[in-house]
Amino acid sequence: HSAPRRGLVHAVALSSDALRVAGAFVEIGSVDTVDNVGVFDIGGETVYHINGFRPRALSPDGKWLAVNTKAGLRIFDAANGRDVSTIPKEKISAVMFSQEGRRVAVGSDGSTAMFETSGKELWQTPQQGGVSTLAFSQDGRWLAAANSDSTVRVFEASDGKVNASILLNEGETFLAFSPDGRTLVAGTKNDVHLIDIATSRETSR
């Protein structure tokens with residue numbers, strides 16, 4: 001089945017129960033940067049759609065949908081589109097839900113912050129420049145953030161304490177943790193770095 005749309009699809013996510021698909025697309029002929037975030041059932045029928053901007057995220061358990069809007073980051077119930085909360089952040093550049101789906105990390109121009117899906121702020125850490133990428137460890141203990149100043153920081157996800165700070169000087173960086181959470185993989189245009197979380201040192205590249 002397919003859900004016909006006249007636009008460019010640039011992101012998709014499947015809910016954990018495999019009953020819904022979220023897709024972000026830009027309408028053909030659109031002259032602005034507004035994305036349409038549509039949620040469809042497996043038969044291709046539209047459940048609902050929301051106008052917003054990049055970035056956006058679907059929680060790993062498929063329960064929550066986060067969409068960047070003019071009012072801030074809005075959290076929706078992914079099953080029915082019900083508006084759950086609004087996080088009044090500006091210049092949002094990265095969004096990531098924790099594995100259990102109860103927390104959402106938000107990177108913006110000037111800070112990395114952690115919120116409950118209810119909108120309650122848990123912590124916020126100021127920094128220079130914007131955040132390009134966020135990654136949670138699978139156990140939810142660590143949050144990694146790649147900044148526009150080519151620095152990768154690893155935070156204690158519970159309180160925002162900086163556990164490690166690594167300067168890569170290689171531009172845009174993509175992040176992922178090993179399944180056991182002991183190693184952070186940082187991929188850049190020219191290299192792949194393996195960083196030991198305990199020592200904050202690179203183990204190989």
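This report walks through a predicted model of one protein chain, with a closer look at strand 13 and its partners.

## The whole chain

Let's start with the big picture. The protein chain has 19 strands and zero helices. Of its 205 residues, 47% are buried. The chain exposes about 10400 Å², and 50% of that comes from carbon and sulfur atoms.

What about contacts along the sequence? Take the contacts between residues at least 6 apart: 29% of them join residues at least 24 apart.

## Strand 13, tucked inside

Now zoom in on strand 13, which covers residues 142–147. Six of its six residues are buried, so the strand is largely enclosed by the rest of the structure.

Which way do the residues point? Trp142, Ala144 and Ala146 point one way, while Leu143, Ala145 and Asn147 point the other way, and all of them are buried.

## The neighbour before: strand 12

Strand 12 takes in residues 131–136 and pairs with strand 13 in the antiparallel sense, over five bridges. Here, Leu134 has Ala145 of strand 13 as its bridge partner.

These two strands make a hairpin with five residues between them. In the turn you'll find Gly140, with a positive phi of about 80°.

## The neighbour after: strand 14

On to strand 14, residues 151–156, which also pairs with strand 13 in the antiparallel sense over five bridges. Ala145 shows up again here, standing opposite Arg153 in strand 14.

Strand 13 and strand 14 form a hairpin too, with three residues between the strands. In this hairpin, Ser150 takes a positive phi near 70°.

Technical notes:
Residues are numbered from 1 along each chain as its sequence is written. This is a predicted model: local features need pLDDT of at least 70, side-chain atom pairs count only at pLDDT 80 or more; totals for chains, interfaces and linings use all residues. Side-chain values use heavy atoms; hydrogens and water are left out. Helices (H or I, at least four residues) and strands (E, at least two) are DSSP runs, numbered from the N terminus. Buried means under 20% relative accessible area, exposed over 50%, partly exposed in between (1.4 Å probe, protein chains only). Contact means heavy atoms within 4.5 Å. Accessible areas come from the Shrake-Rupley method with a 1.4 Å probe; for residues, only the protein chains shown count as cover. Two strands pair if DSSP finds at least two bridges between them.
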